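Here is a short guided look at one protein model. Take a moment with the picture first, and then we can walk through some of its details together.

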Amino acid sequence: MTREIFLEMLEREAPAVEFEAPLLEARAAGASAATLVELAATKLAALRVRALLERRARREAELAALFDTASDLAGLRDVDAVLQAIVHRARRLLHADVAYMTLPDPERGDTYMRVTDGSGAQAFRACRLPMGAGLGGLVAQTGMPYSTADYFADKRFHHTEGIDSAVREEGIVAILGVPMKLGDQVIGVLFASHRSARPYAPEEIALLVSLAAHATIALDSARLLTDTRTALAELSAANAAIRAHYDTVERAAQAHDRMTDLVVRGGGVEDVAAVAADILGGALLVLDAGGRRIAVADLPGRDTPEELGDERIVGEIATTAAQLGRTVQRKQLWAAPGGASSEPLCTLVLHHPADLSPSDQRILERAALVTALLLLFRRNIAEVEGRVRGELLDDLLNGRVPSRDALHGRAALLGIDLAQPYVLVVIDHGEQRRTARWTTGYVMSRHGLAATRGDHTVLLLPGADPTATAREVARDLTAAVETSATVAGAGPVDLPAAAPAAYREARRCVQVLHALGKQGSAASVRTLGFVGLLISQGADVLSFLDSTLGPVVDYDRRRGAPLIHTLETYFATGASLSNSAKRLHIHVNTVTQRLERITGLLGEGWQHPDRALEIQLALRLHRVRESAVFAD
């Protein structure tokens with residue numbers, strides 16, 4: 001019966017003090033000594049069983065807690081939540097008042113409270129511990145667990161005012177601290193503390209060490225996870241960068257292939273500009289070294305942007321790009337220079353509404369380079385062809401082309417059509433280099449020839465009017481190189497025989513223009529009046545008469561009017577109206593009317609001394625011609 005009582009107590013987990021009740025009741029009832037000895041032995045056995053059951057229950061709870069912690073680590077999502085759970089379990093299993101964890105702060109050189117459970121003092125939760133201070137400092141230094149039943153009375157630790165004040169405010173007395181070790185490195189300390197003095201059993205220390213090991217795994221796993229995520233992010237970024245670089249290289253290669261294919265197939269500057277505009281998605285303008293527009297490429301269905309039409313803005317950004325030797329931006333305009341060595345040959349100006357990526361800038365620069373190479377190639381061809389054209393013209397001027405048949409074969413190779421008339425033009429200039437470069441392209445475009453001889457340039461151009469051709473050349477030259485030149489024409493030239501004579505005539509015409517102070521003008525012997533008669537190779541008197549008096553003579557013949565006779569009388573009387581009227585036996589008003597009619601035919605200024613001298617000479621020649629006609 002007695003055993004059953006103790007079994008019933010064990011079953012209901014009665015407190016240890018209740019196990020004294022059966023023995024006390026037996027003594028009160030006067031039980032024998034043998035009975036009391038038996039009851040005492042049974043009580044001790046029951047208490048031993050009770051203690052064993054408590055240890056097993058506690059161990060079961062500890063194992064369950066460790067198992068839960070391991071489960072938390074296996075599904076690690078939030079390291080803070082895992083650490084908080086570990087600290088909470090440490091407090092619960094050790095029946096602690098406060099549990100907490102400290103970690104080192106490498107940047108500040110101390111440690112801080114990472115997680116607390118059961119703490120009520122803000123100062124304690126915010127406390128930072130200098131390295132080596134307090135019980136935690138000793139644990140971190142030695143890597144060994146330490147405990148104290150009475151922290152303030154324990155002199156093994158380095159006490160500081162800040163730590164002691166926070167511990168005192170929290171009311172902590174007994175503390176157990178174990179290291180969180182990763183290999184030989186202590187990465188933190190896990191604490192369990194009580195607000196009353198008490199020692200810590202070995203099994204409590206072992207339990208906290210196990211929890212600290214789990215906390216270490218959690219922190220290291222979090223670090224590894226962070227490192228893995230960082231590595232994945234870096235790998236992803238690197239992969240994206242490689243992909244972007246590949247796309248950039250592929251796009252640049254396609255642009256290069258398209259432009260190279262154009263050049264191989266004989267495409268020109270306009271074709272390269274169109275390809276670049278299509279690839280870059282913007283309107284493109286190509287300027288030569290002088291800032292002149294040589295090509296414009298618009299996107300299909302769109303008009304040329306207003307910015308590309310502004311000569312001032314385009315000129316400024318093109319000049320800046322050429323001076324700096326690199327791509328420059330101004331609002332929505334991008335300019336890239338193209339040149340060989342230090343000589344700029346062109347500038348590409350792109351209108352693009354958005355910023356150009358570095359790869360697109362390189363495509364624009366590549367297009368500028370290809371355009372420059374095309375221009376350089378074109379210029380080299382022009383120079384070679386110019387030399388060939390110059391050699392042919394030199395042979396003509398020196399009389400080294402014996403016949404028209406010999407001329408025909410060489411002229412056909414250069415596109416010279418001998419079936420049409422040609423005039424010879426001499427340009428006297430000061431900017432020989434600039435003029436020579438211009439004339440090379442000019443004569444190619446007009447299917448002519450050019451040669452530089454000393455300080456002047458000679459052109460052979462299609463045309464029948466030497467005066468009109470000389471003036472056209474002077475106008476085009478001034479517009480192209482922004483400098484004036486004295487230009488004279490001769491012809492039409494009977495090739496090849498008359499070329500030397502025409503050259504000498506044009507040279508003399510230039511010299512006469514200089515002698516008369518007419519530098520920078522254009523003329524032929526036909527426009528020099530009687531001076532032209534003197535220097536003309538053929539001394540074409542009839543042309544001189546026609547150009548000087550032709551309108552008046554034609555008027556007299558049509559109307560039967562005496563205007564020629566009136567002119568002769570007017571000059572013979574010293575330009576006196578009254579004396580002319582007397583000799584002609586007409587009224588002065590009639591003389592005035594006739595002179596007004598002459599002005600209408602010859603133009604204003606015919607009474608100027610130079611012009612009047614030419615008219616008087618023409619009148620004399622006219623009389624001689626008329627006399628010869630009548631004599632016949």
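Arg156 is partly exposed, with 45% of relative accessible area, and in this predicted model its side chain meets that of Asp154 in a salt bridge, 2.7 Å from N to O. Asp154, for its part, is buried, at a relative accessible area of 12%. Side chains of opposite charge can pair when their charged atoms come close.

How many salt bridges does the model hold? The count comes to eight. Three of them are set out here, among them the pair you have just met.

| Salt bridge | N to O distance | Citation |
|---|---|---|
| Asp154 and Arg156 | 2.7 Å | Side chains meet |
| Arg128 and Asp110 | 3.0 Å | Closest N and O atoms |
| Arg446 and Glu472 | 3.6 Å | Side chains meet |

Let us follow the pair of Arg446 and Glu472, whose side chains meet in a salt bridge. This pair links distant parts of the chain: Arg446 lies in the loop between helix H14 (432-445) and strand E13 (449-453), while Glu472 belongs to helix H15 (residues 466-481), 26 residues apart. Arg446 is buried, with a relative accessible area of 18%, whereas Glu472 counts as partly exposed at 28%. Elsewhere, salt bridges with shared partners join Asp105, Asp110 and Arg128 into one network.

Within that network, Arg128 and Asp110 form a salt bridge with their closest N and O atoms 3.0 Å apart. Here too, distant parts of the chain are linked: Arg128 sits in strand E3 (residues 128-130) and Asp110 in strand E2 (residues 110-117), 18 residues apart. Arg128 counts as partly exposed at 28% relative accessibility, and Asp110 counts as buried at 12%.

Now for the nonpolar side of the picture. Which residues touch the most other members of the largest nonpolar core? Of its 32 residues, these are Met259, Leu284, Leu348, Leu350 and Leu364. Several elements give two or more residues to this core, including helix H8 (202-264), strand E7 (283-288) and strand E11 (343-351). Helix H12 gives the most, with nine residues. In soluble globular proteins, nonpolar side chains tend to be buried together.

Leu350 shows what such a position looks like up close. Not counting residues up to four places away in sequence, Leu350 touches Leu280, Gly282, Ala283, Leu284, Gln332, Leu333, Trp334, Leu356 and Leu364.

Helix H6 (residues 134-142) is another place to pause. Its buried residues are Gly134, Leu135, Gly136, Gly137, Leu138 and Val139. What covers these buried residues includes strand E4 (146-148), helix H7 (161-170), strand E5 (174-182) and strand E6 (185-194). Just after H6 comes Gly143, which takes a positive phi of about 70 degrees.

Further along, helix H20 (residues 577-584) holds Ser580. Is Ser580 buried or exposed? Ser580 is buried, because its relative accessible area is 1%. Setting aside neighbours within four places in sequence, Ser580 is in contact with Thr569, Tyr570, Thr573 and Val591.

Finally, step back to the whole chain. Its secondary structure comes to 22 helices and 16 strands, and 43% of its 632 residues count as buried. Among contacts between residues at least 6 apart in sequence, 59% join residues at least 24 apart. The accessible surface comes to about 33,200 Å², with 54% of that belonging to carbon and sulfur atoms.

Notes:
Residues numbered from 1 in each chain as written. Predicted model: local features only at pLDDT ≥ 70, side-chain atom pairs only at ≥ 80, totals over all residues. Heavy atoms only, no water. Buried < 20%, exposed > 50% of the residue type's maximum accessible area, 1.4 Å probe, protein only. Helix = DSSP H or I, 4+ residues; strand = E, 2+ residues; numbered from the N terminus. Contact = heavy atoms within 4.5 Å. Core = buried A, V, L, I, M, F, W, Y, C linked by side-chain atoms within 4.5 Å. Salt bridge = Lys/Arg side-chain N within 4 Å of Asp/Glu carboxyl O. Areas by Shrake-Rupley, 256 points an atom, 1.4 Å probe, with all protein chains shown as cover.
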